[in-house]
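Take a look at how the strands of this chain fit together. Follow the pairing from one strand to the next, then turn to what surrounds the sheet.

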Amino acid sequence: MKKIKASDYIKVVEWSEEDGCFIGSAPPLIGRCCHGKNEAEVYAELCKIVEEWVALYQKEGRPLPEPSSGREYSGKFVLRTGENLHRLLAIRAMQSGESLNNFVVKALKKAAAG
């Protein structure tokens, strides 16, 4: 079994309008854990934190979450919405002249863009 390293986790630094600074995280290992006005400094701090967490997990013999770096995605996933939301989305898709899939993909892209 391959030993998990800090480099096996994706590190995310993004601007937060609400907080007025950059915020770093490394899902699924650690959530929002550092912040600052300089993106490069936040990234450097985040890398150190991830290294410390990986070392701590390994020292304590705790299983690490599955690494996020290098993971491949098929472009497909199952989404359970409930009957009422499914019906509403299907109606909105028909009204816009799109397939349900295209309608939902557009809505997800818009939501993911923030």
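## From E1 to E2

In this predicted model, Trp15 has a bridge partner in strand E2, and that partner is Phe22. Ser16 has a partner in E2 as well: Cys21. In total, 5 bridges join E1 to E2, which covers residues 21–26. These two strands run antiparallel.

E1 and E2 form a hairpin with 4 residues between the strands. Which residue of this hairpin takes a positive phi? The residue is Gly20, with a phi near 70 degrees.

## From E2 to E3

Phe22 also has a bridge partner in E3, namely Gly36. Phe22 is thus a residue to follow on both sides: Trp15 pairs with Phe22 from E1, and Gly36 pairs with Phe22 from E3. The pairing of E2 with E3 is antiparallel and spans 4 bridges. A hairpin links this pair too, with 3 residues between E2 and E3.

## The whole sheet

Put the pairs together. The sheet is open, and its 3 strands follow the order E1-E2-E3. The pairing is antiparallel. Strand E1 (12–16) and strand E3 (30–36) stand at the edges. Each has a single partner strand, so one side of each is left without a neighbour in the sheet. From one strand to the next, the twist averages 30 degrees.

What holds paired strands together? Strands of a sheet pair through backbone hydrogen bonds, in either a parallel or an antiparallel way.

## A helix across the sheet

Now add helix H1, residues 39–60. H1 lies across E1, E2 and E3. Against E3, the helix runs at about 145 degrees.

Is E2 largely enclosed or left open? Of its 6 residues, 6 are buried, so E2 is largely enclosed by the rest of the structure.

## Arg32 on strand E3

Arg32 lies in strand E3. Is Arg32 buried or exposed? Its relative accessible area is 58%. The cut-off for exposed is over 50%, so Arg32 counts as exposed.

Which residues does Arg32 touch, leaving aside those up to four places away in sequence? They are Ser16, Asp19, Ile23, Gly24 and Ser25. Ser16 appeared earlier, as the bridge partner of Cys21.

Compare Arg32 with Ser7. The two are 25 residues apart in sequence. In space, 18 Å separates them, C-alpha to C-alpha.

Definitions and conventions: Residues are numbered from 1 along each chain as its sequence is written. This is a predicted model: local features need pLDDT of at least 70, side-chain atom pairs count only at pLDDT 80 or more; totals for chains, interfaces and linings use all residues. Side-chain values use heavy atoms; hydrogens and water are left out. Two strands pair if DSSP finds at least two bridges between them. Axes are lines fitted to C-alpha atoms, for helices over the stretch in contact, and angles run from 0 to 180 degrees between N-to-C directions. Contact means heavy atoms within 4.5 Å. Buried means under 20% relative accessible area, exposed over 50%, partly exposed in between (1.4 Å probe, protein chains only).
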